[in-house]
Amino acid sequence: VQLQASGGGLGQAGGSLGLSCVASGNIFGITVMGWYRQAPGREREVVALKTNSGNVHYMESVKGRFTISRDGAKPMVTLQMNTLRVEDTAVYYCYAEAIKTPAGDLPTYWGQGTLVTVSS
């Protein structure tokens, strides 16, 4: 599975930005898609995930501001980021999980990362 992300860039505090990610390759086993982010000097952290069945997880600091969406007809995930904060500045990574292998391994996939910078 290959993940191609787009969007992001420079935004202002209080403004909005959007991210999109399209999966290609062996997409039929994908069960979860979403976004992680990594700010300078910090560990990578989950931002939002959405399962095939529609269950959603958001990190606490983005609840009510960010919205994750998935297109059921396409292997695509988007992240609408509203009311941006300076602390949202990070490299955002598209993420996907697939069905566990018979050996019990959980396949995970990462996009190349896209920079989001929020200015005050």
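## Exercises on salt bridges and the nonpolar core

Glu45 and Arg37 are joined by a salt bridge whose closest N and O atoms are 3.2 Å apart. The model examined here is predicted, and it holds four salt bridges.

**Exercise 1.** Determine whether Glu45 and Arg37 are buried, partly exposed or exposed.

*Solution.*
1. The class boundaries are needed: buried means under 20% relative accessible area, exposed means over 50%, and partly exposed lies in between.
2. Glu45 has a relative accessible area of 23%, so Glu45 is partly exposed.
3. Arg37 has a relative accessible area of 5%; therefore Arg37 is buried.

**Exercise 2.** State which parts of the chain are tied together by the pair Arg37 and Asp88.

*Solution.*
1. The side chains of Arg37 and Asp88 form a salt bridge, with an N to O distance of 3.0 Å.
2. Arg37 belongs to strand 4, whereas Asp88 is in the loop between strand 8 and strand 9, so the salt bridge ties together parts that are 51 residues apart in sequence.
3. As to exposure, Arg37 and Asp88 are both buried.
4. The side chains of Arg37 and Asp88 are also joined by a polar contact of 3.0 Å.

**Exercise 3.** Identify which residues are joined into one network by salt bridges that share partners.

*Solution.*
1. Asp88 also forms a salt bridge with Arg65, and here the closest N and O atoms are 2.8 Å apart.
2. Arg65 is in the loop between strand 6 (56-58) and strand 7, and Asp88 is in the loop between strand 8 and strand 9; this pair links distant parts of the chain, 23 residues apart.
3. Arg65 and Asp88 are both buried.
4. Through shared partners, the salt bridges join Arg37, Glu45, Arg65 and Asp88 into one network.

**Exercise 4.** Of the residues in the largest nonpolar core, name those that touch the most other members, and list the contacts of Leu79 beyond its neighbours within four places in sequence.

*Solution.*
1. The largest nonpolar core has 28 residues, of which Met33, Trp35, Val47, Leu79, Met81 and Tyr92 touch the most other members.
2. At least two residues of this core come from each of strand 1 (2-7), strand 3 (17-24), strand 4 (30-38), strand 5 (45-51), strand 7 (66-71), strand 8 (76-81), strand 9 (90-98) and strand 11 (114-119).
3. With neighbours within four places in sequence left aside, Leu79 is in contact with Leu17, Gly18, Leu19, Trp35, Val47, Ala48, Phe66, Thr67, Ile68 and Tyr92.
4. In soluble globular proteins, nonpolar side chains tend to be buried together.

Notes:
Residues are numbered from 1 along each chain as its sequence is written. This is a predicted model: local features need pLDDT of at least 70, side-chain atom pairs count only at pLDDT 80 or more; totals for chains, interfaces and linings use all residues. Side-chain values use heavy atoms; hydrogens and water are left out. A nonpolar core is a set of buried Ala, Val, Leu, Ile, Met, Phe, Trp, Tyr and Cys residues joined through side-chain atoms within 4.5 Å. Buried means under 20% relative accessible area, exposed over 50%, partly exposed in between (1.4 Å probe, protein chains only). Helices (H or I, at least four residues) and strands (E, at least two) are DSSP runs, numbered from the N terminus. Contact means heavy atoms within 4.5 Å. A polar contact is a pair of N or O atoms within 3.5 Å; within protein, one must be able to donate a hydrogen and the other to accept it, and residues adjacent in sequence count only if both atoms are side-chain atoms.
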